[in-house]
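Me: Could you take a close look at the part of this protein that surrounds the ligand, and then tell me how that part sits in the rest of the fold? An informal walk-through is fine.

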Amino acid sequence: MSTELSTEIHNAVDGRRNFAIISHPDAGKTTLTEKLLLYGGAIHEAGAVKARASQRRATSDWMAMEQQRGISITSTVLQFEYQGCQINLLDTPGHQDFSEDTYRTLAAADNAVMLEDGAKGLEPQTRKLFEVCRMRRIPIFTFFNKMDRPTREPLELLDEIEQELGLKTYPVNWPIGTGDRFQGVYDRHTQEIHLFERNAHGKQAAKDTMIRLGDPRIEELLDQDLYYQLKEDLELLDGLGSEFDLDEIHAGELTPVFFGSAMTNFGVQLFLDAFLEYALKPGDRQSSQGLMSPEYPEFTGFVFKLQANMDPKHRDRVAFVRVCTGKFEKDMTVSHARTGKTVRLSRPQKLFAQDRGSVDVAYPGDVIGLNNPGVFAIGDTIYTGKKLEYEGIPCFSPELFAYLRNPNPSKFKQFHKGVTQLREEGAVQIMYSSDESKRDPILAAVGQLQFEVVQFRLLNEYGVDTRTELLPYSVARWVLNGWDFLDQIGRLFNTMTVKDNWDRPVLLFKNEWNLHQVQGDHPDMKLSAIAPLSS
Ligand code: G4P
């Protein structure tokens, strides 16, 4: 490799950070995203992301369903520059469009920002997404939002993370009051207080007034009781809290914690600066050839998400590829590890908000969208040079189950073809009852939207009008002990035994309580919420 290319890749990796936000609906992900883009100069006025989305909704009809529901099925990758660093924000679909893609996106992220509403603390969707981050041991940055509103006690919020997630916390800054009495945050590293000023919904970057802790003006600027509370809290944190340890942060064992108010723009810049300093740059990835350094000169990457029908005129499918090593160039020819075929990567795309722009080059940590219909499946590796394959992306525990019925026998072939294709694309997981007399496939999904997408596409692309029949289960666990073990223990009440696409046993439970009861009765049974990787 030429030294120029190796320097180019080295510099690109050094100046790149990639992350995804994990949060529960309403915590403020859209708002925070907008404010981050505002600081990155990618947009000039907050509100643009939302406005743009609704503008598009009015003009685009790429999927009738998207319009009907008024939601965005498209998950996007936002790229912006901040202090000379290229930041990639991988959007994790939430709300009604929560689906397995949300989990898969985390497979492509190097860092995660755990965004919590300060009044609510940990919420269900955040916990689930956190589990995926923990599995990958990626650094987690915590941002407590909405401090301008009454919140829970900050110490209690930290305790919740420590106790319930088993994650150590290190507050980088600390709030002074909350709600109407929110007066700012104290930065523990610089020992400065940043005073909160209410402004008009933080449309522009916020004015930041700082004052040092020992400054005599503090007495006038802060309410006395809040000032004493701050001093007390800091003593407690210094005495009993975890120490700052960058290695622990990088190993996903300690989370740096920030407080702020995305809506009023307060604390966002402090957060972004610290994030840039502590976040991991694109790192090594495990492959069939061992750990691959991003500076390995050949281009390699893997598909973490497929999206169909973004443009109804072309019926195209976009494969989203995370670049892992080397340099991607437009029109390059790569090998496809699963099929052994050679593929020319034409029409590569980079996504900004929801506009598609063309991309000429990309580096480790970037995401590109490729238009190669039918070629790619979730988890596929593409490469130049020596053959290698990255570890696949596992299936995540579905929570909704439904028989998928085809009432029209003459459409059997199309039905079967469509279901197989959609499964391969990763639109939904398909399971079958272990009772051979029940042949209809069971759709297993993380979000309701996945069912709707499957039915919509079966009708529009395969001409099959299907029905679903919801099953009364909400928890799935792969039984790692295998079929023999299940045969030995005999019938389990309130559960259903199904097999996944690789004929592996999966138990469906009505609820968590039911799961714990069965697990308690059969302590030898090894259950996993995440499917073992299929080969
Ligand atoms: P999401 O993407 O995580 O679902 O959340 P989103 O940003 O849409 O925010 C959810 C609601 O919370 C919005 O209010 C938003 O304005 C508000 N919000 C976000 N950050 C803050 C904050 O720091 N402080 C306060 N007080 N509110 C915040 P909404 O009424 O649903 O929408 P909108 O009319 O304000 O757009």
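Reply: Sure, let's start with the helix that matters for your request. Helix α2, residues 29-39, supplies three residues to the shell around the ligand, the largest share of that shell. Keep in mind that this is a predicted model. In total, 15 residues surround the ligand, and the closest are Gly28, Lys29, Thr30, Thr31 and Met263. As for chemistry, the shell splits into six polar, five charged and four nonpolar residues.

Now follow α2 away from the ligand to its packing partner. Two packed helices are described by the angle between their axes and the distance between the axes. For α2 and helix α11, residues 268-278, the angle is about 70° and the axes are 10 Å apart. An angle from 65 to 115 degrees counts as roughly perpendicular, so α2 and α11 are roughly perpendicular to each other. On the α2 side, the contact is made by Lys35, Leu36 and Tyr39, while α11 brings in Val268, Gln269 and Leu272. Sorted by type, the residues of this contact are four nonpolar, one polar and one charged.

Next, the nonpolar interior. The largest nonpolar core has 124 residues, and those touching the most other members are Leu106, Ala112, Cys133, Val303, Val321, Leu443 and Leu508. Strand β15, residues 317-325, gives this core six residues, its largest share. Cys133 is a handy one to click on: setting aside neighbours within four places in sequence, Cys133 is in contact with Ile22, Leu106, Ala112, Ile138, Ile140 and Gly252. Two of those partners, Leu106 and Ala112, are also on the list of core residues that touch the most other members.

For the wider setting, the protein has 15 helices and 31 strands. Of its 535 residues, 42% are buried. Taking contacts between residues at least 6 apart in sequence, 71% join residues at least 24 apart.

One last stop is Gln307, which is found in strand β14, residues 300-308. Gln307 has 17 C-beta neighbours inside 10 Å, so this residue counts as partly exposed; the cut-offs are 20 or more for buried and 12 or fewer for exposed. If you want a distance to check in your viewer, try Gln307 to Ser433: they are 126 residues apart in sequence, and their C-alpha atoms are 28 Å apart in space.

Terms used
Residues are numbered from 1 along each chain as its sequence is written. This is a predicted model: local features need pLDDT of at least 70, side-chain atom pairs count only at pLDDT 80 or more; totals for chains, interfaces and linings use all residues. A residue is near a molecule or strand if its C-beta atom, placed from the backbone, lies within 6 Å of it. Helices (H or I, at least four residues) and strands (E, at least two) are DSSP runs, numbered from the N terminus. Ala, Val, Leu, Ile, Met, Phe, Trp, Tyr, Cys and Pro count as nonpolar, Asp, Glu, Lys and Arg as charged, and the others, Gly among them, as polar. Axes are lines fitted to C-alpha atoms, for helices over the stretch in contact, and angles run from 0 to 180 degrees between N-to-C directions. Angles under 35 degrees count as roughly parallel, over 145 as roughly antiparallel, 65 to 115 as roughly perpendicular and the rest as oblique. Two residues are in contact if their C-beta atoms, placed from the backbone, lie within 7 Å. A nonpolar core is a set of buried Ala, Val, Leu, Ile, Met, Phe, Trp, Tyr and Cys residues joined through C-beta atoms within 7 Å.
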